[in-house]
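Good morning, and thank you for the time. I would like to take the group through one structure, beginning with the overall fold and ending with a single backbone detail.

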Amino acid sequence: MHRSAVRPSPVFLGLLALTVGAGFLTLMDNETAARAGVFLLVLGGWAVSLCVHEFGHAIVAFRGGDWSVRDKGYLSLDPRKYTDPVLSLLLPILFLAIGGIPLPGGAVWINHGALRSRAVESRVSLAGPLSNLAIGILLAVVVAVFGPSATEIAFSGLTEHALWAGLSFLALLQLAAFVLNILPVPGLDGWGAVEPFLSHEARVFGAKARPWAPLILFAVLIGVPGVSEVFWEAVTALYGVFGGDEFAAAVGQSLFFFWR
């Protein structure tokens, strides 16, 4: 792969700068600034992760034989190059701000006929959610190693450790996105990972179900009692495996939803 193929766009760098700036805002000795900082940190970090998620699909496809992703601009991490910026970036951010649901973004178009094998097709689908997993693990480990202990957070003011609380909540969301998107449901990446190895009939069913299956999944998560609890229990269990502190994430969530 030519190194020049990967050139982060000014839009992506701007999102990254906004996220970093929000992190510094959380450090100000002012409750309003700290709350605003956590809100922007989580939203900015989520937007950055959406770009990285789609880039993961594209870079694996590029290495696997689909060179068209470079010409489409998918290797620039520019959300404007995705299938639909509204579905890829704005709606996931809106859903996150409203209810904390880690909605997957829109997909990049991959020329599957150019990919070298079914295994490559599977890896292309897995690359997106695995990027969320990697980001979530990285953030959880950083907080565990460099951040305050759970006891320090519990016995301090709500905004005293706002940066670490915000990063903890963002890490939890990344792991939630991984768990959700890895499910073998048509329209999600988990289905894309197994689809190349399924029968023709199963693939036809998946193609027909792709537009509405994720909507049914989200409706079940939101509307069926107990399902959401099971989902978040799985997410928090995974979060704990990598040193994540559930209390710190809860504080970050409280700061993020400042209007509640």
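I shall start with the fold, then turn to two helix contacts, the aromatic residues and one loop.

Please keep in mind throughout that this is a predicted model. The secondary structure of the protein consists of 12 helices and 0 strands. Read from the N terminus, every element in the run is therefore an α element, as the order α-α-α-α-α-α-α-α-α-α-α-α shows. The protein has 260 residues, and 48% of them count as buried. Its accessible surface is about 12,600 Å², with 67% of that belonging to carbon and sulfur atoms. If we take the contacts between residues at least 6 apart in sequence, 76% of them join residues at least 24 apart.

Let me now turn to helix 12, which spans residues 246–256. How do helix 7 and helix 12 cross? Helix 7 covers residues 162–181, and its axis comes within 7 Å of the axis of helix 12, at a crossing angle of roughly 100°. Helix 7 is thus roughly perpendicular to helix 12. On the helix 7 side, the contact involves Ala162, Ala165, Gly166, Ser168, Phe169 and Leu172. On the helix 12 side, the residues are Ala248, Ala249, Val251, Gly252, Gln253, Leu255 and Phe256. By class, this contact has 9 nonpolar residues, 4 polar residues and no charged residues.

Helix 12 also packs against helix 2, which runs over residues 31–63. Here the axes are 8 Å apart and the angle is about 105°. Angles from 65 to 115 degrees count as roughly perpendicular, so helix 2 and helix 12 are described in that way. Helix 2 contributes Arg35, Val38, Phe39, Val42 and Leu43 to the contact, while helix 12 contributes Gly252, Ser254, Leu255 and Phe256. The classes in this contact are 6 nonpolar, 2 polar and 1 charged.

This brings me to the aromatic residues. The structure holds 5 aromatic pairs. One of them joins Phe39 and Phe256, whose ring centres lie 5.0 Å apart with the planes at 25°, so the pair is stacked. Why does this pair tie together separate parts of the sequence? Phe39 lies in helix 2 and Phe256 in helix 12, so the pair links parts that are 217 residues apart in sequence. Phe39 is buried, at 17% relative accessible area. Phe256 is likewise buried, at 0%.

Phe256 also pairs with Phe257. In this case the arrangement is edge-to-face, with 4.9 Å from centre to centre and 80° between the planes. Phe257 is buried as well, with a relative accessible area of 4%. Phe39, Phe169, Phe256 and Phe257 form one aromatic cluster. Of the members of that cluster, Phe169 belongs to the helix 7 contact with helix 12, and Phe39 to the helix 2 contact with helix 12.

My last point concerns the backbone. Most residues other than glycine have a negative phi. Leu77 is not a glycine, yet has a positive phi of about 60°. Where is Leu77 found? Leu77 sits in the loop between helix 3, residues 68–71, and helix 4, residues 85–99. Is Leu77 buried or exposed? With 7% relative accessibility, Leu77 counts as buried.

To close, I return to helix 12: in this predicted model, helix 12 is roughly perpendicular to helix 7 and roughly perpendicular to helix 2. Thank you for your attention.

Technical notes:
Residues are numbered from 1 along each chain as its sequence is written. This is a predicted model: local features need pLDDT of at least 70, side-chain atom pairs count only at pLDDT 80 or more; totals for chains, interfaces and linings use all residues. Side-chain values use heavy atoms; hydrogens and water are left out. Axes are lines fitted to C-alpha atoms, for helices over the stretch in contact, and angles run from 0 to 180 degrees between N-to-C directions. Helices (H or I, at least four residues) and strands (E, at least two) are DSSP runs, numbered from the N terminus. Angles under 35 degrees count as roughly parallel, over 145 as roughly antiparallel, 65 to 115 as roughly perpendicular and the rest as oblique. Contact means heavy atoms within 4.5 Å. Ala, Val, Leu, Ile, Met, Phe, Trp, Tyr, Cys and Pro count as nonpolar, Asp, Glu, Lys and Arg as charged, and the others, Gly among them, as polar. Buried means under 20% relative accessible area, exposed over 50%, partly exposed in between (1.4 Å probe, protein chains only). Accessible areas come from the Shrake-Rupley method with a 1.4 Å probe; for residues, only the protein chains shown count as cover. Rings of Phe, Tyr and Trp (its six-membered ring) pair if their centres lie within 6.5 Å; planes under 30 degrees apart count as stacked, over 60 as edge-to-face and the rest as tilted.
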